[in-house]
Each structure stands twice: as C-alpha cells, then as structure tokens.
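Thanks for coming. I will take the ligand site to begin with and then the strands. Here is the model.

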Amino acid sequence: MKSFLSAALVAIVSVLLVFCGSGRQAQKGNGASVIDSSKGLKDHFANSFAIGVAVSPRALKTDEAALIRQQFNSITPENAMKMGPIHPRENEYFWRDADSIMAFAETNGIRVRGHNLCWHNQSPRWMFTNEKGDTVSSETLLQRLKEHITAVVGRYKGRIYAWDVVNEAISDRKDEYMRNSPWYRICGEQFIAKAFEYAHAADPGALLFYNDYNEIDPVKREKIYRLVKRLKDAGVPIHGVGLQAHWAINEPGDEELENTLARFSSLGLQVQITELDISVYNKEHNARERKPEDGNTDFTADKEQKQIDRYRKCFAAFHKYRKQISSVTFWNISDRASWLDNFPVRGRKDYPLLFDKNLQPKKAYWEVVETAH
Ligand code: G3I
C-alpha cells in the first residue's frame, strides 16, 4: 500500500511539474528562445509602455476577465463612455456600464483611458436639435458639450488618467481639412479647443488626447499633425495624440510607420497607440463589403505568417519610440469578438488580435513579446 501511495505521489508531482514547467517555459515552437509565459504583455513591456485593451461590460463577466488581469494594465471602454450610450437623453445619463468597467479597473489596479467625449459617431440626436427638431445654435451646442463633458469627466475625476477628448475630427477627403460633422457645421473648428478646455476644467489632472485613424496616410497624417500642433501652440490643454492603428497585413509599410511615429513624436507630446488591430486581409479588402479575393475565410498559415510579420515590425517600431509612446492599446480582447465582425461578409473574420477565440496566445503574441526584450 505504501509503495502505491508513494508512486501515486510521484505521478501527481511530476504532472504538476510538467504543467507548471510548460506554463513557465513556453517555447516559441522552434525552441529558439524561452519566454517566461507566466508574465503577461504588461509585464514584458513594463519598461516601455502600458499595454491596454478595449472592453465591454459583458466581457468582464466572462473568462476574458482573467486574461485582461493577466495581460493588460490599461483598459478603454469600447462603447460605454461614448456620448450616445452614456447620455442618451438631455436630462438622462446611463452610468451603469461605465461604472462597472471603472469598478473592474479599480478593483484590479488597472488604469482607464476614457473614450470619448466628442465624436461625430454615436452622438445622440438630441444634442444637435431643439424641441422643434431644428438645428441648435453654436452657443447652445457648446453649452451642451460643456455640460456633457463636465458631468462625465467630473464623475470620474482623479480616477481616469487619460481621455480621448475629440475623436476623428479630421476629414478623410484629400481636399478637405475638417470632417463635415454636425459639430463642425454648427460650431466651426472652435468645438475642438472648447472640448479640451471643458475637459481640463473638469479634471486638471487628466491627460487629454486627440484621437484619429488613417494616421499613416501622408495627407491625413499632416492634417492631424497640423491640428494638434495648432492646439498645442495656442495653449489649449492637450497632452497627447492617439493613433488608432487599425491596420492590416499589408500596412503600415516600414517607411510609413517610421515617418508617422517620427512626425508625431516631434510634437513633444505623448503618443499613444489607441486601437491596434491587424486584419489578415489587405487594407483594400478591409472595406466591409468586400469578401476575400480567393473566397477563403480561414485563418490560413499564409495569413498568419503575414500577420506575425506585421505585428513584429509594428512593435519593433513602437520599441524604438518607447520614450514618446506611453501606451499601446488593442481594440478588443481576442479573435473571439472584434468590431470588424460587426459587418460580416459571408462569414468573414479578420482574426486581428494576439489571442485566439479560446483566449490562447497566437504565434504573433510570442513574436510581439520578443520585441520587448
Ligand atoms: O448597444 C446596442 C444594442 O442595444 C442594439 O441592440 C445593437 C443593435 O442595434 O446595437 C448596439 O450598439 C452597437 C454598439 O457598437 C455596441 O455593441 C452599435 O450598434 C454599434 O454601431 C457599435 O459599434 C461600435 C462602433 O465603434 C460605433 O461606431 C463598435 O463596437 C466599436 O468597436 C467601434 O469603435 C470605434 C472607436 O470608438 C473609434 N475608432 C473606430 C472604432 C471602430 O469603429
């Protein structure tokens, strides 16, 4: 009996050792390097920049919560703090979802990027119209913007370290500077500086960012740069620029990325990568109505290798600019759900993130980790 027990004990201990050992010493697959996989992305990049993720309140109640705690030290509410969801009617705020994300963050010692205070999308219709349905005056709209920002930033004063104050105000049209949004049509460009001033008054300790996408396109890049530099030079309380980085296996090119990070780093403000994901389809196929050229919607080895290469190049560039880049946030947690799924085209998935649908690290994850060391 005694020998049976000791044999059983040996067996249990060895299984435990194997399990723990493999957990601690994950091989890249080719044994080329041993990475301590007991650490998360936030630990590997602790000496470079924060690693964040966009979350929904629902995700925090699932198995994704454990992954968030292990891997990230920053979170961004994907939708809960946007104007429409949090302020659906003029005299009505909906705090539950935003509060639940804040509670999760504060319980787990995770910093929060507020997103966003002023955007042309997901803005409630009441914001721009009076009781007769007519468009409001610039004064009325600015007063409403001030009340909104004062209420939302004020509620989380001293608890949210950074805000995307204005999102995507620059036009994608080459012949247009400002996006032709209701904000711009009613108030002119001044709404941007006012939004930053309102946010700074509500929480002088918060870092305030201008956030936009297609930041690697040379024409749009220069328009974003011009806007942020003008705000800074005018003494507007702006502390950084958010580059959304919704990229793909064929962008950004090495030169595009270098030129973009160098240009925005020259502003002397913080740079943050705010919404990183890398679709496995070429940029031109990211258009929502396009199905893959070859009709193949699988996560093939070819797609995976191209994604690995792109992630590695991006993080190598982030590492080079780590003195200016203070945070890199992924937009969504894993391939289980991405905003890119919102427009399914014949079952197309873009597999844009570092964790698969089972929340396991993909090969690209290990390549990214390697760039930290
Ligand atoms: O919550 C409602 C639900 O009640 C309703 O039943 C359902 C169907 O209409 O819609 C739900 O709201 C959706 C919301 O996501 C929450 O799931 C909206 O329709 C949908 O438009 C919204 O999409 C969000 C999108 O911004 C809005 O433009 C995505 O989740 C979000 O990932 C995406 O994020 C943006 C960033 O904020 C800014 N940068 C670009 C990025 C991607 O578009």
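Which residue has a polar side-chain atom 3.0 Å from an oxygen atom of the ligand? That is Asn79. Before going on, this is a predicted model, in which local features need pLDDT of at least 70 and side-chain atom pairs count only at pLDDT 80 or more, while totals for chains, interfaces and linings use all residues. Residues are numbered from 1 along each chain as its sequence is written, and side-chain values use heavy atoms, with hydrogens and water left out.

Back to the ligand. A side-chain N or O atom of Gln244 is 3.0 Å from a ligand nitrogen, and a polar side-chain atom of Glu275 lies 2.7 Å from a nitrogen atom of the ligand. On its own the ligand has 800 Å² of accessible area, and the protein covers 48% of that (Shrake-Rupley method, 1.4 Å probe). There are 15 residues around the ligand, and Glu78, Lys82, His115, Glu275 and Trp331 come nearest; to be near, a residue needs a heavy atom within 4 Å. By class, this shell has 3 nonpolar, 8 polar and 4 charged residues, with Gly counted among the polar ones.

His115 leads to Asn116, which sits in strand β5. The side chains of these two residues are joined by a polar contact of 3.4 Å; such a contact is a pair of N or O atoms within 3.5 Å, within protein a possible donor and acceptor, and for residues adjacent in sequence both must be side-chain atoms. Asn116 has a relative accessible area of 1%, so it is classed as buried (under 20%; exposed is over 50%, partly exposed in between, with a 1.4 Å probe and protein chains only).

Now the strands, which are DSSP E runs of at least two residues, as helices are H or I runs of at least four, numbered from the N terminus. Strand β4, residues 74-77, is covered on both faces: Ser74 and Thr76 on one side, Ile75 and Pro77 on the other, all buried. Strand β3, residues 50-55, pairs with β4 in the parallel sense over 4 bridges, where pairing takes at least two DSSP bridges. Among the bridge partners, Gly52 has Ser74 and Val55 has Pro77.

β3 also runs parallel to β11, residues 325-330, joined by 4 bridges, and Gly52 stands opposite Thr329 there. In β3, 6 of 6 residues are buried. On the other side of the pairing, β4 is joined to β5, residues 111-119, by 2 parallel bridges, with Ile75 opposite Val112.
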